[in-house]
Amino acid sequence: HGLGKHHGPHGPPRSTYNNNNPTNQTTMEANNQDPNNTADLTDFVQNLLQQMQTRFQQMSDSIIGRIDEMGSRIDDLEKSIGDLIQQAGLDEFDMASKPPTTT
């Protein structure tokens with residue numbers, strides 16, 4: 001027998017999305033005609049959209065902050081590499097200008 005195909009004694013599990021319960025449809029139709037429920041739904045949707053906008057703004061600010069931080073770290077890294085190159089160049093120049101020491 002195959003794994004994952006056992007559905008129990010009552011057959012495959014039922015999805016709640018395919019529930020054809022007529023009382024749910026009747027309730028939804030009644031809600032659509034009730035102005036109080038429409039106002040509540042509008043308020044809920046507006047509140048949800050406001051929360052989403054706030055969340056996206058926070059995420060955007062966080063991302064921009066991280067990009068700025070990375071930029072300054074890259075600038076520091078470039079400066080450090082430049083300093084190292086300059087020191088290496090001076091060291092090579094010093095080595096080349098000194099006469100070789102013979103023992």
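A salt bridge here is a side-chain nitrogen of Lys or Arg within 4 Å of a carboxyl oxygen of Asp or Glu. The model is predicted, so local features need pLDDT of at least 70 and side-chain atom pairs count only at pLDDT 80 or more, while totals for chains, interfaces and linings use all residues. Residues are numbered from 1 along each chain as its sequence is written, and side-chain values use heavy atoms, with hydrogens and water left out.

**Exercise 1. Get an overview of the chain.**

Step 1: start with the fold elements, taken as DSSP runs numbered from the N terminus (helices: H or I, at least four residues; strands: E, at least two). The chain has 2 helices and 0 strands.

Step 2: check burial (buried is under 20% relative accessible area, exposed over 50%, partly exposed in between, with a 1.4 Å probe and protein chains only). Of the 103 residues, 0% are buried.

Step 3: look at the surface, using Shrake-Rupley areas with a 1.4 Å probe; for residues, only the protein chains shown count as cover. About 10200 Å² is exposed, and carbon and sulfur atoms supply 57% of it.

**Exercise 2. Find the salt bridges and place them.**

Step 1: count them. The rule gives 2 salt bridges.

Step 2: take Asp 83 and Lys 79, whose side chains pair at 3.3 Å, N to O. They sit 4 residues apart in helix α2, about one helical turn. Asp 83 is partly exposed at 33%, whereas Lys 79 is exposed at 56%.

Step 3: now Arg 73 and Glu 69, bridged at 3.9 Å, N to O. Both belong to helix α2 (residues 35-97), again 4 residues apart. Arg 73 is exposed at 56%, and Glu 69 is partly exposed at 45%.

**Exercise 3. Which residues make the nonpolar surface patch of about 760 Å²?**

Step 1: set the rule. Patch residues have over 30% relative accessible area and no salt bridge; like charges are joined within 9 Å, nonpolar side chains (Val, Leu, Ile, Met, Phe, Trp, Tyr) within 5 Å.

Step 2: list them. The patch consists of Leu 41, Phe 44, Val 45, Leu 48, Leu 49, Met 52, Phe 56 and Met 59.

Step 3: zoom in on Leu 49. Leu 49 is in helix α2 and is exposed, at 51% relative accessible area.
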